[in-house]
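User: I would like to learn how to read cysteine links and helix packing in a model of this kind. Could we go through the features one at a time?

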Amino acid sequence: QVDAVRVYVNSSSENLQYPVLFVVRQQKGVLSWQVPLIFRGLYQRTYNYQEVSRTLCPSEQTPETGPSDQIVFVDVASMAPFNITYELLVTRLENFQLETNKAFNFTASPSQPQYFLYKFPQDIDSVIIKVVSDAVYPCSVVSVQDIVCPVYDLDHNVEFNGVYQSMTKQAAITVQRKDFPGEQFFVVFVIKPEDYACGGSVPSSIHGNVNRTWNLQRTKNLQVTIVPSIKKSVYVQAMFFSFLSFLSFYLGSVVVAFVHYIRVRRKASAGRLSPEDGSGIMTSSHPITASTPEGSSYGAIDESSSSGGHRLSSPERRPPAGYDTDSSVEEESDFDTMPEIESDKNVIRTKVFLYLSDLSRKDRRIVSKKYKIYFWNIITIAVFYALPVIQLVITYQTVVNVTGNQDICYYNFLCAHPLGVLSAFNNILSNVGHMLLGFLFLLIVLRRDIIHRRAMEMKDVHTLDYGIPKHFGLFYAMGIALMMEGVLSACYHVCPNYSNFQFDTSFMYMIAGLCMLKLYQTRHPDINASAYSAYASFAVVICLAVLGVVFGKNDMWFWVIFSMIHVLASLALSTQIYYMGRFKIDGPDSDLGIFRRAAMVLYTDCIQQCSRPMYMDRMVLLIVGNLVNWSFAIFGLVYRPRDFASYILGIFICNLLLYLAFYIIMKLRSSEKILPIPLFCIVATAVVWAAALYFFFQTLSSWEETPAESREKNRPCILLGFFDDHDVWHFLSAAALFFSFLVLLTLDDDLDMVRRDKIPVF
């Protein structure tokens, strides 16, 4: 045991002009202070304390002195021209050394800080210092410092050495043996004179009397417990668990592919099917000619009206299937700039009932090239976006390690396991699922793409008129986006805080947007947004997210402008969707002609046909969608949520869910089937998302509050003693996104044997 000496002094004098000076001289250091002891707060406020108690730095044992012998000189002086009384008390601390797994209770105040010694046992390499208090305030600081004298144990110098955290009711610091060559350290507890650093306000009572004495009015009862942290074997188990859990998805995919291959080979040997089945192209030598029963909502137009439109597109069918390569020099503009084609678009797309053949008239090679741009562009975006992010978070982690300021990053400190220079390796490791499952999705899409290409080479060009057009560019982009979400989420969790939360959400916006685009592209392949306009829109969203981080806290003008942009963008997009991209405000050259045209369209399409719009299904979807988006705009304008990035993400997710629900409902209304695999994926998506959201809402930290307030939400690990609730959210959300992508990939496999002029558009 190591003994320490504590010096208590008290002076009745409150005269700041003539303080009493105390100087303590030891073997290797000098400690001095004055009474009244003055602390300074915000705006030069001062707080005076007449009672001061300090622990002297314990002397090292030497052969000349026994373990309990310490020579200490205490000098007392004052320049006061009158007598000043003081009290001096020197005591020996019996419980100066903390023990493992044993709680110790004590009291501290701004003028009476405390610190204790801890020595690593031989079999422990890492410990967690847990500090709790029943009271939120006064605000305190917990510091871990090396065995060096003097010990920095006052408010103005506690941040000069070691690692430190601010604290209200709870704090936790992980300490590793390798960081302390002497295998021992001091745990220092300092009470701050003001509470603003912990989210509290400055007491109003000090405004009247700035220099009044505080003494014991800011005491805090604390309890410290030092417990062993996890061993290295737990790190190995956690890594094996993380990789094996998601590699099992690879095994499941191989099993499904093998079973599918065996089933197809058996049917092919029986002569019932072509060598390819259910992999993205029609499978029968004699495809079914109709799937929409008579009398359904899409049976109002007979086959001739749709097939007539189909015959208009015959020039694009001229290349044989074997020439389906990306080397074509033809551009989409070759078709779109012809006046007769523009007229044809107006005739086809403004029909009351549309079929897929009406919106899949362009050359398949050119459209496929158009959608592959999504893939190449997102790779470029990912590289240019991720590299500065990685550099920035490395800088953040370096600053934390060098300064020791653990208030910079908002970890769950009760479950933050360091590895190397990383402070919370478990939060980074749990993102491996996004990368592994994103890569697996790319492999699944690649398999479908290869099988589709081979099947196209074997079939006659006229069989291209069956099933949903297969364009895989958006699927590839979705896979890359899922992988990058894992990378950027890991970067965010290197040092999670308010400034870099946008890194965690940027590719979430892109995932939600790409899913909506893919869902729309399925039955609108000719009129979907180009990659350039889509990514430009995502760039605008990310710019708004950055502005929201900077100005969204308290600036009302930002929320007014953002809400207006949100509502106008919703209306503009709704107009384009309702009219299939054929709405144009044209007219006379004067501006009045434009407004007259807009008023006429509003009157004829909205007022006159209010009871029965021309496109009822689209109108219902767009009305509900606009109500949802306007509700978001009003909510943001009224409440102004601080977490602006999550607010925008909520808008994207709600719109995606709304459109997916509409798509599935319309699919069932059209008497289309949902095959077992997409049905399983839908159920798995719903179940896994429900479980993931449960863990997501288990808030373990919050950068919307001060670091000390955020630590009140910290909780221990729940999985393998290594992962916390948020890590489980990472695991489950990766699986949920993977299943969601599979839903979009397989949802329309039932249409592979259906003529496109029998597939309705919605």
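User: To begin with a single residue, is Cys654 buried, partly exposed or exposed?

Analyst: Such classes rest on relative accessible area, where buried means under 20%, exposed means over 50% and partly exposed lies in between, computed with a 1.4 Å probe on protein chains only. Cys654 has a relative accessible area of 31%, so Cys654 is partly exposed, and Cys543, with 48%, is therefore partly exposed as well. Please keep in mind that this is a predicted model, in which local features need pLDDT of at least 70 and side-chain atom pairs count only at pLDDT 80 or more, while totals for chains, interfaces and linings use all residues. Residues are numbered from 1 along each chain as its sequence is written, and side-chain values use heavy atoms, with hydrogens and water left out.

User: How many disulfides does the structure hold, and what pattern do they follow?

Analyst: A disulfide is a covalent bond between the sulfur atoms of two cysteines; here the term is applied to a pair of cysteine sulfur atoms within 2.5 Å. The structure holds 4 disulfides, and when the bonded cysteines are counted along the chain, the pattern is 1-3, 2-4, 5-7, 6-8.

User: Which parts of the chain does the disulfide of Cys139 and Cys198 tie together?

Analyst: Helices (H or I, at least four residues) and strands (E, at least two) are DSSP runs, numbered from the N terminus. The disulfide between Cys139 and Cys198 has an S to S distance of 1.8 Å, and its torsion about the S-S bond is about 50 degrees, so this disulfide is right-handed. Cys139 sits in the loop between strand S11 (126-132) and strand S12 (140-145), and Cys198 in the loop between strand S15 (184-191) and strand S16 (220-228), so the pair ties together parts that are 59 residues apart in sequence. Cys139 is buried, with a relative accessible area of 0%, and Cys198 also counts as buried at 0%.

User: What is the handedness of the link of Cys409 and Cys495, and what is that of Cys415 and Cys717?

Analyst: The link of Cys409 and Cys495 is left-handed, with -95 degrees about the S-S bond. Cys409 lies in the loop between helix H5 (364-403) and helix H6 (425-429), and Cys495 in the loop between helix H8 (473-494) and helix H9 (501-523), so parts 86 residues apart in sequence are tied together. Both of these cysteines, Cys409 and Cys495, are buried. The link of Cys415 and Cys717, by contrast, is right-handed, with 110 degrees about the S-S bond, and it joins the loop between H5 and H6 to the loop between helix H16 (707-711) and helix H17 (725-746), 302 residues apart. Cys415 counts as buried at 0% relative accessibility, whereas Cys717 counts as partly exposed at 22%.

User: At what angle do H8 and H17 pack, and which residues make the contact?

Analyst: Two packed helices are described by the angle between their axes and the distance between the axes. The axes are lines fitted to C-alpha atoms over the stretch in contact, and angles run from 0 to 180 degrees between N-to-C directions. H8 and H17 pack at about 170 degrees, with their axes 11 Å apart, which makes H8 roughly antiparallel to H17, a term for angles over 145 degrees. The contact, meaning heavy atoms within 4.5 Å, involves residues including Phe475, Met478 and Leu482 of H8 and Leu737, Phe741 and Leu744 of H17.

How values were computed
Parallel < 35°, antiparallel > 145°, perpendicular 65-115°, else oblique.
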